Amino acid sequence: MFELVYQSNAIPDLTTENIERILEVAQNFNSKNNISGCLFYHDHKFLQLLEGDEEVVRNLFNKICQNKFHSKVELLTEGFKEERTFEKWKMAYVDLSSDHKHDKERELFVLNFLAYSELIEKPSPAIKEFWKKVRDFLEKRPMGQ
Ligand SMILES: Cc1cc2nc3c(=O)[nH]c(=O)nc-3n(C[C@H](O)[C@H](O)[C@H](O)COP(=O)(O)O)c2cc1C
């Protein structure tokens with residue numbers, strides 16, 4: 001199983017419709033091509049983990065790099081692992097835009113999301129990098145620290 005993680009900057013005027021369209025295309029393509037992963041969006045930044053067959057993931061990443069809805073695409077890590085992490089997710093999507101900073105529901109969701117990361121057994125380097133970045137984006141430290 002090949003995986004990679006990248007981050008990028010969304011264009012300033014990105015709309016909810018743009019994101020919905022990206023997800024529609026992603027979920028359709030990914031399910032047909034055995035790709036899974038997680039797309040995280042926060043403060044106009046994207047963070048995405050893609051996992052699947054190496055050639056398919058690399059070709060998809062090239063297409064994603066050319067997408068006009070974001071720029072400064074930076075590959076953070078890539079490598080191989082034994083098993084999928086996001087088995088059931090053709091592309092899980094988490095939007096933690098900080099418009100509602102004081103929203104209690106949002107805060108609870110963030111805590112649940114981070115608690116989930118602690119449950120992943122034997123995390124690969126890419127998975128560790130992914131959750132580290134999520135925490136950096138959210139300015140949250142690992143649990144118990
Ligand atoms: C942040 C971001 C994440 C994306 N993730 C995926 C994805 O997981 N799968 C996918 O097929 N397309 C994804 N896309 C869309 C691709 O960039 C591209 O539009 C899509 O592969 C269709 O390309 P084509 O029109 O050249 O066939 C993503 C785009 C962006 C901006």
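Student: Which residue of β3 does L4 stand opposite?

Tutor: L4 stands opposite L50 in β3. Before we go on, note that this is a predicted model, where local features need pLDDT of at least 70, side-chain atom pairs count only at pLDDT 80 or more, and totals for chains, interfaces and linings use all residues. Residue numbers start from 1 along each chain as its sequence is written.

Student: What makes β3 a strand, and α1 a helix?

Tutor: Both are DSSP runs numbered from the N terminus: a strand is a run of E with at least two residues, and a helix is a run of H or I with at least four. Strand β3 covers 45-52 and helix α1 covers 16-32.

Student: How do you know that β1 and β3 pair?

Tutor: Two strands pair if DSSP finds at least two bridges between them. β1 and β3 have eight bridges, in the antiparallel sense, so they meet that definition. β2 and β3 also run antiparallel, joined by seven bridges, and S36 has E51 as its bridge partner in β3. β2 (residues 36-42) pairs with β5 in the parallel sense over four bridges, with L39 opposite Y93.

Student: What order do the strands take in the sheet?

Tutor: The open sheet has five strands in the order β4-β1-β3-β2-β5, with mixed pairing. β4 (70-80) and β5 (92-95) each have a single partner strand, so they stand at the edges with one side lacking a neighbour in the sheet.

Student: Why is β3 called largely enclosed?

Tutor: A residue is buried if 20 or more other C-beta atoms lie within 10 Å of its own, exposed if 12 or fewer, and partly exposed in between, with C-beta atoms placed from the backbone. Seven of the eight residues of β3 are buried, so the rest of the structure largely encloses this strand.

Student: What makes α3 the opposite case, lying largely in the open?

Tutor: The number of buried residues among the 16 of α3 is zero, so this helix lies largely in the open.

Student: How do you know that the span of α3 agrees with what is expected?

Tutor: The expected span is 1.5 Å times one less than the number of residues. For the 16 residues of α3 (residues 104-119) this gives 22 Å, and the end C-alpha atoms are 23 Å apart, which agrees.

Student: Why is S97 called exposed, but E54 partly exposed?

Tutor: S97 has 12 other C-beta atoms within 10 Å, so it counts as exposed. E54 has 13 C-beta neighbours inside 10 Å, so it counts as partly exposed. S97 sits in the loop between β5 and α3, while E54 belongs to helix α2.

Student: What makes a group of residues a nonpolar core?

Tutor: Its members are buried Ala, Val, Leu, Ile, Met, Phe, Trp, Tyr and Cys residues, joined through C-beta atoms within 7 Å. The largest one here has 21 residues, and those touching the most other members are L4, V5, L49, L50, A126 and F130. Helix α4 gives the most to this core, with five residues.

Student: Which residues are closest to the ligand?

Tutor: A26, F29, F46, K63 and N67 are the closest of the 15 residues that surround the ligand. A residue is near a molecule if its C-beta atom, placed from the backbone, lies within 6 Å of it. α1 gives the most to this shell, with five residues.
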